[in-house]
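Biologist: I'm new to this structure and would love a close look at one part of it, with the surroundings filled in afterwards. Could you walk me through it slowly?

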Amino acid sequence: MGKASKKLSAEELQSMPEILSGKREVMKLHKEASMQGSAKAQYELGLLFKQGFKVSQDYTRAMYWTEKAASQGLVGAQYEMGWFYYSGCGVKRNYKKALPWLILAADQGHARAQCALGMCCFNGWGMESSNSEAIIWFSKSAAQGNQDAIMMALHLHQIGFFAPRLKSSQANQ
């Protein structure tokens, strides 16, 4: 019998690069993702291709695997799909395509998605500009410690828009 392979989390992949021994480990993730339909493995494989970690950076493959995971409801992957379109990394920047993914993740409490959605509201990217909607998203993200959201919420406060009081249970929504 072969050794059982350890399943790696996205956080482990980002914070401990030494855990992957090389391309063979990446191929194990690839096989697990494609053969078993594991959303987590698909997401992690997408991150590897996005970051070019132990494989050649390939945004097409990154988006392919990330979208498979996002379609299964994995919130981090939903944010990443929004990020691809929001940032224009690997694809043409398209806020209208970013918004549905960002909204899915933000509604589930993903702090970076909430901040990105706040930026879309504030700047009118892919939607009509709305400072009152932006402050809501920035406040939710800021309540989770997102520094960019804190800065934007402070900026909106300085120009006369005030954050609604959020209960701690609302910050993660």
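Biologist: Does α3 pass α5 in a left-handed or a right-handed crossing?

Modeller: It's left-handed: that is how α3 passes α5. The word means that the near helix is turned anticlockwise from the far one by less than a right angle, while clockwise would make it right-handed. Before we go on, bear in mind that this is a predicted model, where local features need pLDDT of at least 70 and side-chain atom pairs count only at pLDDT 80 or more, though totals for chains, interfaces and linings use all residues. Residues are numbered from 1 along each chain as its sequence is written, and side-chain values use heavy atoms, leaving out hydrogens and water.

Back to your pair. The axes of α3 (residues 39-51) and α5 come within 10 Å, crossing at roughly 35 degrees. Those axes are lines fitted to C-alpha atoms, for helices over the stretch in contact, and angles run from 0 to 180 degrees between N-to-C directions. On the α3 side you'll find Y43, L47 and K50, and they meet G76, A77, E80, W83 and F84 of α5. Contact here means heavy atoms within 4.5 Å. Sorted by class, the residues of this contact come to 5 nonpolar, 1 polar and 2 charged. For the classes, Ala, Val, Leu, Ile, Met, Phe, Trp, Tyr, Cys and Pro are nonpolar, Asp, Glu, Lys and Arg are charged, and the others, Gly among them, are polar.

Where does this pair sit in the whole protein? There are 10 helices and 0 strands. Helices (H or I, at least four residues) and strands (E, at least two) are DSSP runs, numbered from the N terminus. Of the 173 residues, 45% count as buried, meaning under 20% relative accessible area, with exposed being over 50% and partly exposed in between (1.4 Å probe, protein chains only). And if you take contacts between residues at least 6 apart in sequence, 51% of them join residues at least 24 apart.

Now follow α5 outwards. S87 lies in that helix, and it counts as partly exposed because its relative accessibility is 22%. Its C-alpha atom is 8.9 Å from that of A98, a residue 11 places along the chain. A98 takes us into α6, where it is one of the buried residues, alongside Y95, L99, W101, L102, A105 and A106. The cover over the buried residues of α6 includes α4 (59-71), α5 (75-87), α7 and α8 (131-142). So α5 shows up again, this time as part of a lid.

One of those covering helices deserves a second look. α6 and α7 pack at about 140 degrees, with axes 9 Å apart, and α6 passes α7 in a left-handed crossing. Y95, L99, L102, I103, A105 and A106 from α6 meet A113, Q114, A116, L117 and C120 from α7. The residues here divide into 10 nonpolar, 1 polar and no charged. Between α6 (95-107) and α7 (111-123) runs a loop that holds H110. H110 counts as buried because its relative accessibility is 14%. Leaving aside neighbours within four places in sequence, H110 is in contact with V75, G76, Y79 and A105.

Further on in α7 is M119, which counts as buried because its relative accessibility is 19%. Not counting residues up to four places away in sequence, M119 touches Y86, W125, F138 and M152. Its C-alpha atom is separated by 9.9 Å from that of D148, 29 residues apart along the chain.

F138 belongs to the buried set of α8, together with N131, A134, I135, W137, S139, K140, S141 and A142. That is 9 of the 12 residues of α8, so the helix is largely enclosed by the rest of the structure. α8 also packs against α9 (residues 147-158): their axes come within 8 Å and cross at roughly 140 degrees. Again, the crossing is left-handed. N131, A134, I135, F138, S141 and A142 of α8 make the contact with A149, I150, M152, A153 and L156 of α9. By class, it has 9 nonpolar, 2 polar and no charged residues.
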